[in-house]
Amino acid sequence: MTETHQFIFLGGLHRSGTSLLHEILREHPQISGISGTDAPEDEGQHLQTVYQPAIAFGGPGKFAFDPASHMDETHPLATAENAKALFEQWQPHFDLSRRYLIEKSPPTLVRTRFFQKLYPTSKFIVILRHPVAVSYATQKWAGTTIRELLDHSLLAYEKFLADMPKLKEVYVLRYEDFVQKPQQTLDAIYGFLQLDSIPIT
């Protein structure tokens, strides 16, 4: 990865608004996001072979229950060699004429410290949504009970909040605030990224 680029990692539980936010942010003239691939929701987790995607740990509504899904700077895969390999695999999907390269995958919620180790100048955007809404929206995929899905949401959020103090550059927003005040919320995100605001199209 060149010194002229910075990664933005966008994370949040499935059905929390990550895809919508990703679609909007990649419209910015200084942000390139993965698009037009055959991967589900154009998620970077499906376009690489360095680490395992969420499905390897149970998938939506389940992955955080597996302790192995949580990755930090001590993980055996957190090496300079893997940082190079991962960038090489993602590179064809980005417009490298743009400063920021945004990657969106829900399990990034529990892997922020891992990615910060790989790319120390990275910025993280995490979107949180009320666990009840997440649970009902995810049930058709997970096939588990609402109680289990609530437990999963809370566990994933707890893991992220425990990791958050170790992050250098992180912005946290709530899906509910984004829905009520989309432009205002985006303006705050652009401010965090030190970018000029653009209107939502």
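Both faces of strand E3 are covered, since Tyr100, Ile102 and Lys104 on one side are buried, as are Leu101 and Glu103 on the other. This picture comes from a predicted model, and the points below follow strand E3, its partner strands and a pair of packed helices.

**Strand E3 and its surroundings**
- Five of the five residues of strand E3, which spans residues 100-104, are buried, so the strand is largely enclosed by the rest of the structure.
- In a regular strand the side chains alternate between the two faces of the sheet.
- In E3, Tyr100, Ile102 and Lys104 lie on one side, while Leu101 and Glu103 lie on the other.

**The strands that pair with E3**
- Strand E1, made of residues 6-11, pairs with E3 in the parallel sense over five bridges, and within this pairing Ile8 has Ile102 as its bridge partner in E3.
- Strand E2, made of residues 31-33, also runs parallel to E3 and is joined to it by three bridges, with Leu101 of E3 serving as the bridge partner of Ser32.
- Between E2 and E3 the chain passes through helix H2, residues 80-90, and this β-α-β crossover is right-handed.

**The packing of helices H1 and H7**
- Two packed helices are described by the angle between their axes and the distance between the axes.
- Helix H1 (residues 18-25) packs against helix H7 (residues 182-193) at an angle of about 65°, with the axes 12 Å apart, and the crossing of the two helices is right-handed.
- Leu21, Ile24 and Leu25 of H1 meet Leu186, Ile189 and Tyr190 of H7, and by class this contact has six nonpolar residues, with no polar and no charged ones.

Conventions: Residues numbered from 1 in each chain as written. Predicted model: local features only at pLDDT ≥ 70, side-chain atom pairs only at ≥ 80, totals over all residues. Heavy atoms only, no water. Axes fitted to C-alpha atoms, helices over the stretch in contact; angles between N-to-C directions. Helix = DSSP H or I, 4+ residues; strand = E, 2+ residues; numbered from the N terminus. Left-handed = near helix turned anticlockwise from the far one by under 90°. Contact = heavy atoms within 4.5 Å. Nonpolar A, V, L, I, M, F, W, Y, C, P; charged D, E, K, R; others polar. Buried < 20%, exposed > 50% of the residue type's maximum accessible area, 1.4 Å probe, protein only. Pairing = 2+ DSSP bridges. Right-handed = clockwise from strand over helix to strand, strands pointing away.
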